[in-house]
Amino acid sequence: MNHTIHRIVLLNVILALMFIFVGCSAKPRNAVPAAFAYEAVIPGMPGVRTWGGMADPAFQQDIADSIAQVARAGNSGTVDAEGYVNLLAISGGSSDGAYGVGLMAGWSKCTQHPRPKFKIVTGVSTGALTAPFFFAGPEWDPVISKLYTTVAAQDIYRRRNIMEVLFNPEAITSTEPLAKKLEEYITPKLLEDVAKGHAEGRRLYVATTNLDALRLTVWDMGKIASLGTPESATLFRKVLLASASVPAVFPPVKIGVVADGKHYEEIHADGGVQSQVFLLGFALDLSRARKAAGIDGRAVRTRVYVIRNAQLRLPYDTVPLSLGALAGRSISGLISSQGNEDLKRIHSVATKSGMDFRLACIPDDFPRTTTVMFDTAEMNRLYDLAYAKAVKGYPWLTTPPVVAEDITTAAPDIQLEKKP
(Lines give C-alpha, C1' and ligand atoms only; values in the text may rest on other atoms or scores of the structure.)
Protein backbone atom coordinates (compact mmCIF):
# COMPACT_ATOMS: atom_id res chain seq x y z
CA MET A 1 0.00 0.00 0.00
CA ASN A 2 1.44 3.43 -0.92
CA HIS A 3 0.77 7.08 -0.16
CA THR A 4 -1.99 7.35 -2.76
CA ILE A 5 -3.95 4.56 -1.08
CA HIS A 6 -3.36 6.17 2.31
CA ARG A 7 -4.87 9.42 1.11
CA ILE A 8 -7.87 7.59 -0.34
CA VAL A 9 -8.37 5.68 2.92
CA LEU A 10 -8.25 8.92 4.89
CA LEU A 11 -10.72 10.58 2.54
CA ASN A 12 -13.03 7.62 2.90
CA VAL A 13 -12.90 7.91 6.70
CA ILE A 14 -13.72 11.62 6.53
CA LEU A 15 -16.63 10.97 4.20
CA ALA A 16 -17.87 8.17 6.45
CA LEU A 17 -17.99 10.61 9.36
CA MET A 18 -19.89 13.07 7.20
CA PHE A 19 -22.40 10.37 6.34
CA ILE A 20 -22.99 9.67 10.02
CA PHE A 21 -23.75 13.32 10.70
CA VAL A 22 -26.14 13.67 7.77
CA GLY A 23 -27.90 10.42 8.58
CA CYS A 24 -26.65 8.44 5.62
CA SER A 25 -26.52 4.71 6.34
CA ALA A 26 -25.33 1.64 4.50
CA LYS A 27 -27.81 -0.50 2.65
CA PRO A 28 -29.04 -3.59 4.53
CA ARG A 29 -27.67 -6.93 3.39
CA ASN A 30 -28.55 -10.57 3.84
CA ALA A 31 -25.50 -11.49 5.90
CA VAL A 32 -24.81 -14.99 7.22
CA PRO A 33 -25.91 -15.29 10.88
CA ALA A 34 -22.94 -15.82 13.19
CA ALA A 35 -24.29 -19.23 14.25
CA PHE A 36 -23.97 -20.51 10.67
CA ALA A 37 -20.79 -18.73 9.59
CA TYR A 38 -18.71 -21.93 9.65
CA GLU A 39 -21.38 -23.94 7.84
CA ALA A 40 -21.83 -21.65 4.83
CA VAL A 41 -20.92 -23.23 1.48
CA ILE A 42 -20.86 -22.10 -2.13
CA PRO A 43 -23.96 -23.51 -3.89
CA GLY A 44 -22.97 -26.49 -6.02
CA MET A 45 -19.30 -26.15 -5.05
CA PRO A 46 -18.73 -27.73 -1.63
CA GLY A 47 -15.20 -28.09 -0.30
CA VAL A 48 -13.62 -25.32 -2.37
CA ARG A 49 -12.52 -23.23 0.63
CA THR A 50 -11.51 -23.31 4.27
CA TRP A 51 -10.66 -20.96 7.13
CA GLY A 52 -7.05 -19.88 7.49
CA GLY A 53 -5.36 -20.92 10.72
CA MET A 54 -7.89 -23.65 11.39
CA ALA A 55 -7.23 -27.36 10.91
CA ASP A 56 -9.46 -28.68 8.15
CA PRO A 57 -9.59 -32.50 7.89
CA ALA A 58 -10.90 -32.35 4.31
CA PHE A 59 -8.12 -30.05 3.11
CA GLN A 60 -5.57 -32.08 5.04
CA GLN A 61 -6.76 -35.32 3.46
CA ASP A 62 -6.81 -33.71 0.02
CA ILE A 63 -3.17 -32.60 0.24
CA ALA A 64 -2.14 -36.04 1.54
CA ASP A 65 -3.97 -37.69 -1.36
CA SER A 66 -2.34 -35.29 -3.82
CA ILE A 67 1.12 -36.10 -2.45
CA ALA A 68 0.44 -39.82 -2.84
CA GLN A 69 -0.93 -39.20 -6.35
CA VAL A 70 2.20 -37.35 -7.44
CA ALA A 71 4.41 -40.09 -6.00
CA ARG A 72 2.49 -42.82 -7.85
CA ALA A 73 2.91 -40.90 -11.11
CA GLY A 74 6.66 -40.68 -10.68
CA ASN A 75 6.37 -37.18 -9.20
CA SER A 76 5.04 -35.69 -12.46
CA GLY A 77 8.03 -33.41 -12.80
CA THR A 78 7.40 -31.78 -9.41
CA VAL A 79 10.70 -33.09 -8.05
CA ASP A 80 13.48 -30.98 -9.54
CA ALA A 81 16.98 -32.03 -10.59
CA GLU A 82 18.27 -31.54 -7.04
CA GLY A 83 15.60 -33.82 -5.58
CA TYR A 84 13.39 -31.08 -4.13
CA VAL A 85 9.64 -30.59 -4.12
CA ASN A 86 9.07 -26.84 -4.47
CA LEU A 87 6.44 -24.60 -2.89
CA LEU A 88 5.80 -20.94 -3.77
CA ALA A 89 4.06 -18.17 -1.80
CA ILE A 90 3.46 -14.73 -3.35
CA SER A 91 2.65 -11.75 -1.16
CA GLY A 92 0.53 -8.68 -1.61
CA GLY A 93 2.04 -5.36 -2.59
CA SER A 94 -0.32 -3.59 -5.02
CA SER A 95 1.56 -2.43 -8.12
CA ASP A 96 4.82 -3.69 -6.60
CA GLY A 97 3.61 -7.08 -7.79
CA ALA A 98 5.51 -6.18 -10.97
CA TYR A 99 8.65 -7.22 -9.09
CA GLY A 100 7.41 -10.79 -8.61
CA VAL A 101 6.26 -11.00 -12.23
CA GLY A 102 9.66 -9.88 -13.49
CA LEU A 103 11.38 -12.37 -11.19
CA MET A 104 9.34 -15.30 -12.47
CA ALA A 105 9.78 -14.29 -16.12
CA GLY A 106 13.53 -13.98 -15.66
CA TRP A 107 13.69 -17.27 -13.75
CA SER A 108 12.07 -19.00 -16.73
CA LYS A 109 15.06 -17.90 -18.83
CA CYS A 110 17.70 -18.89 -16.29
CA THR A 111 19.73 -21.92 -17.40
CA GLN A 112 21.94 -22.08 -14.30
CA HIS A 113 19.04 -22.65 -11.86
CA PRO A 114 15.95 -23.64 -13.91
CA ARG A 115 12.53 -22.61 -12.67
CA PRO A 116 10.80 -25.66 -11.13
CA LYS A 117 7.22 -26.84 -11.38
CA PHE A 118 5.62 -25.94 -8.06
CA LYS A 119 3.69 -28.46 -5.97
CA ILE A 120 1.82 -25.70 -4.11
CA VAL A 121 1.36 -22.04 -5.05
CA THR A 122 -0.36 -19.50 -2.80
CA GLY A 123 -1.20 -15.85 -3.37
CA VAL A 124 -2.58 -12.82 -1.53
CA SER A 125 -3.82 -9.56 -3.11
CA THR A 126 -1.56 -8.76 -6.08
CA GLY A 127 0.03 -12.15 -5.41
CA ALA A 128 -3.39 -13.74 -5.90
CA LEU A 129 -3.72 -12.08 -9.31
CA THR A 130 -0.36 -13.49 -10.43
CA ALA A 131 -0.57 -16.91 -8.75
CA PRO A 132 -2.70 -18.68 -11.41
CA PHE A 133 -0.24 -17.66 -14.13
CA PHE A 134 2.79 -18.78 -12.14
CA PHE A 135 1.00 -22.05 -11.32
CA ALA A 136 0.04 -22.69 -14.95
CA GLY A 137 3.66 -22.45 -16.08
CA PRO A 138 6.28 -20.34 -17.90
CA GLU A 139 4.25 -20.27 -21.11
CA TRP A 140 2.00 -17.76 -19.36
CA ASP A 141 4.87 -15.37 -18.55
CA PRO A 142 4.26 -13.12 -21.59
CA VAL A 143 0.60 -12.72 -20.65
CA ILE A 144 1.06 -11.71 -17.03
CA SER A 145 4.16 -9.68 -17.96
CA LYS A 146 2.10 -7.65 -20.41
CA LEU A 147 -0.47 -6.90 -17.71
CA TYR A 148 2.08 -5.73 -15.14
CA THR A 149 4.14 -3.63 -17.57
CA THR A 150 1.30 -1.88 -19.42
CA VAL A 151 -1.42 -1.40 -16.80
CA ALA A 152 -2.16 2.05 -15.37
CA ALA A 153 -4.41 3.33 -12.60
CA GLN A 154 -7.41 3.77 -14.91
CA ASP A 155 -7.17 0.05 -15.78
CA ILE A 156 -7.60 -0.90 -12.12
CA TYR A 157 -10.14 1.47 -10.61
CA ARG A 158 -12.43 4.42 -11.29
CA ARG A 159 -12.92 7.23 -8.79
CA ARG A 160 -16.63 7.38 -7.88
CA ASN A 161 -18.33 10.77 -7.73
CA ILE A 162 -19.72 12.14 -4.48
CA MET A 163 -23.32 11.17 -5.28
CA GLU A 164 -22.32 7.56 -5.98
CA VAL A 165 -20.52 7.41 -2.66
CA LEU A 166 -23.39 9.05 -0.77
CA PHE A 167 -25.99 6.60 -2.03
CA ASN A 168 -23.73 3.54 -1.95
CA PRO A 169 -20.94 4.19 0.60
CA GLU A 170 -18.96 0.98 0.06
CA ALA A 171 -15.80 2.63 -1.19
CA ILE A 172 -14.35 5.72 -2.81
CA THR A 173 -13.57 3.87 -6.04
CA SER A 174 -15.09 1.28 -8.30
CA THR A 175 -13.14 -1.79 -9.45
CA GLU A 176 -15.13 -2.23 -12.65
CA PRO A 177 -11.96 -1.70 -14.74
CA LEU A 178 -10.11 -4.45 -12.85
CA ALA A 179 -13.11 -6.79 -13.18
CA LYS A 180 -12.98 -6.24 -16.95
CA LYS A 181 -9.25 -6.98 -16.96
CA LEU A 182 -9.92 -10.25 -15.16
CA GLU A 183 -12.50 -11.16 -17.78
CA GLU A 184 -9.85 -10.52 -20.41
CA TYR A 185 -6.92 -12.29 -18.73
CA ILE A 186 -8.58 -15.19 -16.86
CA THR A 187 -9.41 -17.05 -20.04
CA PRO A 188 -10.93 -20.51 -20.51
CA LYS A 189 -7.45 -21.70 -21.57
CA LEU A 190 -5.87 -20.46 -18.34
CA LEU A 191 -8.60 -22.16 -16.32
CA GLU A 192 -7.97 -25.36 -18.27
CA ASP A 193 -4.25 -25.20 -17.48
CA VAL A 194 -4.94 -24.56 -13.78
CA ALA A 195 -7.33 -27.53 -13.77
CA LYS A 196 -4.66 -29.64 -15.49
CA GLY A 197 -2.15 -28.79 -12.77
CA HIS A 198 -4.74 -29.71 -10.13
CA ALA A 199 -5.31 -33.06 -11.85
CA GLU A 200 -1.55 -33.70 -11.66
CA GLY A 201 -1.76 -33.40 -7.87
CA ARG A 202 -0.55 -29.82 -7.59
CA ARG A 203 -2.47 -27.21 -5.61
CA LEU A 204 -3.23 -23.49 -6.05
CA TYR A 205 -4.57 -21.54 -3.06
CA VAL A 206 -5.65 -17.90 -2.87
CA ALA A 207 -6.69 -16.01 0.27
CA THR A 208 -9.40 -13.42 0.86
CA THR A 209 -10.68 -11.89 4.08
CA ASN A 210 -14.26 -12.62 5.15
CA LEU A 211 -15.08 -9.20 6.58
CA ASP A 212 -18.00 -10.39 8.74
CA ALA A 213 -15.88 -13.05 10.44
CA LEU A 214 -12.59 -11.14 10.05
CA ARG A 215 -10.97 -14.44 9.16
CA LEU A 216 -8.67 -15.48 6.35
CA THR A 217 -10.54 -17.59 3.81
CA VAL A 218 -8.40 -19.93 1.70
CA TRP A 219 -9.76 -20.98 -1.69
CA ASP A 220 -8.75 -24.11 -3.61
CA MET A 221 -8.55 -22.45 -7.02
CA GLY A 222 -7.54 -25.62 -8.84
CA LYS A 223 -10.64 -27.38 -7.59
CA ILE A 224 -12.80 -24.43 -8.64
CA ALA A 225 -11.24 -24.38 -12.11
CA SER A 226 -11.69 -28.16 -12.41
CA LEU A 227 -15.47 -27.84 -12.10
CA GLY A 228 -15.47 -26.33 -15.59
CA THR A 229 -18.81 -24.52 -15.32
CA PRO A 230 -19.71 -20.88 -16.04
CA GLU A 231 -20.47 -20.50 -12.33
CA SER A 232 -17.05 -21.79 -11.30
CA ALA A 233 -15.31 -19.46 -13.77
CA THR A 234 -17.27 -16.53 -12.33
CA LEU A 235 -16.32 -17.54 -8.77
CA PHE A 236 -12.65 -17.91 -9.80
CA ARG A 237 -12.59 -14.30 -11.02
CA LYS A 238 -14.58 -13.04 -8.03
CA VAL A 239 -12.10 -14.56 -5.60
CA LEU A 240 -9.17 -12.90 -7.39
CA LEU A 241 -10.99 -9.56 -7.41
CA ALA A 242 -11.82 -9.88 -3.71
CA SER A 243 -8.26 -10.77 -2.73
CA ALA A 244 -7.03 -7.53 -4.33
CA SER A 245 -9.82 -5.28 -2.97
CA VAL A 246 -8.37 -3.08 -0.24
CA PRO A 247 -11.24 -2.21 2.14
CA ALA A 248 -12.51 1.39 1.97
CA VAL A 249 -10.43 2.01 -1.16
CA PHE A 250 -12.12 -0.70 -3.25
CA PRO A 251 -15.59 -2.16 -2.62
CA PRO A 252 -15.83 -5.65 -1.12
CA VAL A 253 -16.89 -8.53 -3.36
CA LYS A 254 -20.23 -10.16 -2.65
CA ILE A 255 -20.32 -13.96 -2.76
CA GLY A 256 -23.53 -15.94 -2.44
CA VAL A 257 -23.57 -18.87 -0.01
CA VAL A 258 -26.01 -21.35 1.51
CA ALA A 259 -26.26 -22.08 5.24
CA ASP A 260 -28.98 -23.94 7.14
CA GLY A 261 -30.82 -24.37 3.84
CA LYS A 262 -31.07 -20.61 3.24
CA HIS A 263 -29.29 -18.26 0.85
CA TYR A 264 -27.06 -15.52 2.25
CA GLU A 265 -24.40 -13.11 1.09
CA GLU A 266 -20.82 -12.90 2.33
CA ILE A 267 -18.52 -9.95 1.65
CA HIS A 268 -14.86 -10.62 0.94
CA ALA A 269 -11.92 -8.24 0.63
CA ASP A 270 -8.13 -8.16 0.43
CA GLY A 271 -6.50 -11.19 2.03
CA GLY A 272 -3.80 -8.78 3.20
CA VAL A 273 -6.16 -7.59 5.93
CA GLN A 274 -5.25 -10.84 7.71
CA SER A 275 -1.96 -11.92 6.15
CA GLN A 276 0.48 -10.40 3.67
CA VAL A 277 1.70 -13.85 2.61
CA PHE A 278 0.70 -17.36 3.68
CA LEU A 279 1.78 -20.93 3.12
CA LEU A 280 2.72 -23.30 5.91
CA GLY A 281 0.36 -23.75 8.80
CA PHE A 282 -2.56 -21.82 7.30
CA ALA A 283 -4.72 -24.95 7.21
CA LEU A 284 -2.29 -27.74 6.36
CA ASP A 285 0.34 -29.77 8.17
CA LEU A 286 2.56 -30.84 5.27
CA SER A 287 4.81 -33.03 7.40
CA ARG A 288 1.82 -34.99 8.67
CA ALA A 289 0.39 -35.13 5.14
CA ARG A 290 3.61 -36.66 3.80
CA LYS A 291 3.54 -39.31 6.51
CA ALA A 292 -0.12 -40.05 5.75
CA ALA A 293 0.80 -40.47 2.09
CA GLY A 294 3.63 -42.84 3.01
CA ILE A 295 6.35 -40.48 1.76
CA ASP A 296 9.76 -40.41 3.39
CA GLY A 297 10.68 -36.75 3.87
CA ARG A 298 14.34 -37.65 3.83
CA ALA A 299 14.04 -39.10 0.34
CA VAL A 300 12.13 -36.14 -1.15
CA ARG A 301 13.12 -32.83 0.35
CA THR A 302 11.05 -29.64 0.23
CA ARG A 303 12.08 -26.10 -0.63
CA VAL A 304 9.88 -23.10 0.19
CA TYR A 305 10.11 -20.01 -2.03
CA VAL A 306 8.54 -16.75 -0.85
CA ILE A 307 8.22 -13.64 -3.03
CA ARG A 308 7.59 -10.55 -0.90
CA ASN A 309 6.46 -7.80 -3.27
CA ALA A 310 7.72 -5.08 -0.95
CA GLN A 311 10.78 -3.68 0.78
CA LEU A 312 11.30 -5.32 4.15
CA ARG A 313 12.44 -2.10 5.77
CA LEU A 314 10.74 1.14 4.81
CA PRO A 315 13.15 3.94 3.95
CA TYR A 316 13.57 6.91 6.25
CA ASP A 317 11.06 9.62 5.40
CA THR A 318 10.46 13.02 6.97
CA VAL A 319 6.75 12.99 7.80
CA PRO A 320 4.80 16.26 7.58
CA LEU A 321 2.62 17.12 10.56
CA SER A 322 -0.64 16.54 8.73
CA LEU A 323 -3.41 14.04 9.40
CA GLY A 324 -3.03 12.33 6.03
CA ALA A 325 0.74 12.00 6.19
CA LEU A 326 0.77 10.76 9.78
CA ALA A 327 -2.01 8.23 9.12
CA GLY A 328 -0.36 7.07 5.92
CA ARG A 329 3.03 6.54 7.50
CA SER A 330 1.44 4.62 10.38
CA ILE A 331 -0.50 2.36 8.02
CA SER A 332 2.67 1.68 6.04
CA GLY A 333 4.42 0.67 9.25
CA LEU A 334 1.62 -1.67 10.29
CA ILE A 335 1.60 -3.40 6.90
CA SER A 336 5.38 -3.70 6.86
CA SER A 337 5.45 -5.19 10.37
CA GLN A 338 2.68 -7.64 9.53
CA GLY A 339 4.51 -8.76 6.39
CA ASN A 340 7.76 -9.32 8.28
CA GLU A 341 5.96 -11.36 10.94
CA ASP A 342 4.37 -13.49 8.21
CA LEU A 343 7.81 -14.17 6.75
CA LYS A 344 9.25 -15.14 10.11
CA ARG A 345 6.35 -17.48 10.77
CA ILE A 346 6.77 -19.27 7.41
CA HIS A 347 10.51 -19.48 7.97
CA SER A 348 10.05 -20.90 11.46
CA VAL A 349 7.59 -23.60 10.38
CA ALA A 350 9.71 -24.47 7.34
CA THR A 351 12.96 -24.89 9.26
CA LYS A 352 11.30 -26.86 12.06
CA SER A 353 9.89 -29.18 9.40
CA GLY A 354 13.30 -29.65 7.76
CA MET A 355 12.45 -27.58 4.68
CA ASP A 356 14.77 -25.20 2.87
CA PHE A 357 13.67 -21.56 2.86
CA ARG A 358 14.22 -19.01 0.08
CA LEU A 359 13.10 -15.37 0.11
CA ALA A 360 12.99 -12.67 -2.56
CA CYS A 361 12.02 -9.07 -1.86
CA ILE A 362 12.40 -5.60 -3.34
CA PRO A 363 15.81 -4.24 -2.29
CA ASP A 364 15.63 -1.75 0.56
CA ASP A 365 17.72 0.70 -1.47
CA PHE A 366 15.42 0.61 -4.53
CA PRO A 367 14.99 4.31 -5.42
CA ARG A 368 11.33 5.22 -5.54
CA THR A 369 10.51 7.86 -8.16
CA THR A 370 6.79 8.28 -7.47
CA THR A 371 4.10 7.69 -4.86
CA VAL A 372 1.40 7.25 -7.51
CA MET A 373 -0.31 3.88 -7.41
CA PHE A 374 0.01 1.77 -10.60
CA ASP A 375 2.51 4.10 -12.23
CA THR A 376 3.46 2.23 -15.40
CA ALA A 377 7.03 3.50 -15.51
CA GLU A 378 7.69 2.52 -11.88
CA MET A 379 6.21 -0.93 -12.47
CA ASN A 380 8.52 -1.40 -15.45
CA ARG A 381 11.53 -0.43 -13.35
CA LEU A 382 10.59 -3.04 -10.74
CA TYR A 383 9.91 -5.67 -13.41
CA ASP A 384 13.23 -5.02 -15.17
CA LEU A 385 15.20 -5.08 -11.90
CA ALA A 386 13.80 -8.46 -10.84
CA TYR A 387 14.10 -9.91 -14.35
CA ALA A 388 17.78 -8.96 -14.58
CA LYS A 389 18.50 -10.56 -11.21
CA ALA A 390 16.56 -13.75 -11.94
CA VAL A 391 17.87 -14.46 -15.42
CA LYS A 392 21.39 -14.72 -13.93
CA GLY A 393 20.23 -16.80 -10.96
CA TYR A 394 18.28 -14.86 -8.34
CA PRO A 395 20.22 -14.21 -5.07
CA TRP A 396 17.62 -15.73 -2.74
CA LEU A 397 17.88 -15.01 0.97
CA THR A 398 17.90 -18.11 3.16
CA THR A 399 16.45 -16.40 6.22
CA PRO A 400 14.39 -13.23 6.76
CA PRO A 401 16.67 -10.37 7.79
CA VAL A 402 16.62 -9.49 11.48
CA VAL A 403 14.20 -6.62 12.08
CA ALA A 404 13.92 -4.25 15.01
CA GLU A 405 11.29 -6.20 16.94
CA ASP A 406 13.61 -9.24 17.03
CA ILE A 407 16.11 -7.39 19.20
CA THR A 408 14.38 -8.00 22.53
CA THR A 409 14.15 -11.74 21.93
CA ALA A 410 17.32 -12.29 19.93
CA ALA A 411 19.78 -14.93 20.99
CA PRO A 412 23.13 -13.57 22.19
CA ASP A 413 24.92 -14.72 19.05
CA ILE A 414 22.64 -12.75 16.72
CA GLN A 415 24.37 -9.59 15.59
CA LEU A 416 22.43 -6.35 15.33
CA GLU A 417 22.52 -4.30 12.17
CA LYS A 418 25.34 -1.84 11.83
CA LYS A 419 24.55 1.80 11.26
CA PRO A 420 24.95 2.78 7.59
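**View 1. Helix 13 and its buried residues.** In helix 13, the buried residues (under 20% relative accessible area with a 1.4 Å probe, counting protein chains only; exposed is over 50%, and partly exposed lies in between) are Glu378, Met379, Leu382, Tyr383, Ala386 and Ala390. Seen down the axis of helix 13, these buried residues fall within an arc of 135 degrees, so they line one face of the helix; the arc is taken from the directions that lead from the helix axis to the C-beta atoms. This is a predicted model, in which local features need pLDDT of at least 70 and side-chain atom pairs count only at pLDDT 80 or more, while totals for chains, interfaces and linings use all residues. Residues are numbered from 1 along each chain as its sequence is written, and side-chain values use heavy atoms, with hydrogens and water left out.

**View 2. The length and surroundings of helix 13.** Helix 13 spans residues 376-391, and its 16 residues reach 22 Å from the first C-alpha to the last, close to the 22 Å expected at 1.5 Å a residue. That expected span is 1.5 Å times one less than the number of residues. Helices (H or I, at least four residues) and strands (E, at least two) are DSSP runs, numbered from the N terminus. Cover for the buried residues of helix 13 includes helix 3 (97-108), helix 5 (141-150) and strand 11 (356-362); here contact means heavy atoms within 4.5 Å. Look just after helix 13 for Gly393, which takes a positive phi of about 110 degrees.

**View 3. Strand 6, covered on both sides.** Strand 6 runs through residues 203-210, and eight of its eight residues are buried. Arg203, Tyr205, Ala207 and Thr209 point one way from the strand, while Leu204, Val206, Thr208 and Asn210 point the other way. In a regular strand, side chains alternate between the two faces of the sheet.

**View 4. The partners of strand 6.** Strands count as paired if DSSP finds at least two bridges between them. Strand 3 (residues 120-124) pairs with strand 6 in the parallel sense over five bridges, and Val121 has Leu204 as its bridge partner in strand 6. Strand 7 (residues 215-220) pairs with strand 6 in the antiparallel sense over six bridges, with Val206 opposite Trp219. Strands 6 and 7 form a hairpin with four residues between them, and Leu214 in the turn has a positive phi of about 50 degrees. Strand 9 (residues 262-270) runs antiparallel to strand 6 and is joined to it by three bridges; here Thr209 stands opposite Ala269.

**View 5. Helix 2 and its cap.** Helix 2 covers residues 57-72. At its N-terminal end, Asp56 acts as a cap: a side-chain oxygen lies 2.9 Å from the backbone nitrogen of Ala58. Such a polar contact is a pair of N or O atoms within 3.5 Å; within protein, one must be able to donate a hydrogen and the other to accept it, and residues adjacent in sequence count only if both atoms are side-chain atoms. Buried residues of helix 2 include Phe59, Ile63 and Ile67. The buried residues of this helix pack against strand 1 (49-51), strand 3, strand 6, strand 7 and helix 11 (286-292).

**View 6. A closer look at Ser66.** Ser66 is found in helix 2. Ser66 is buried, with a relative accessible area of 0%. Leaving aside residues up to four places away in sequence, Ser66 touches Lys119, Gly201 and Arg203.
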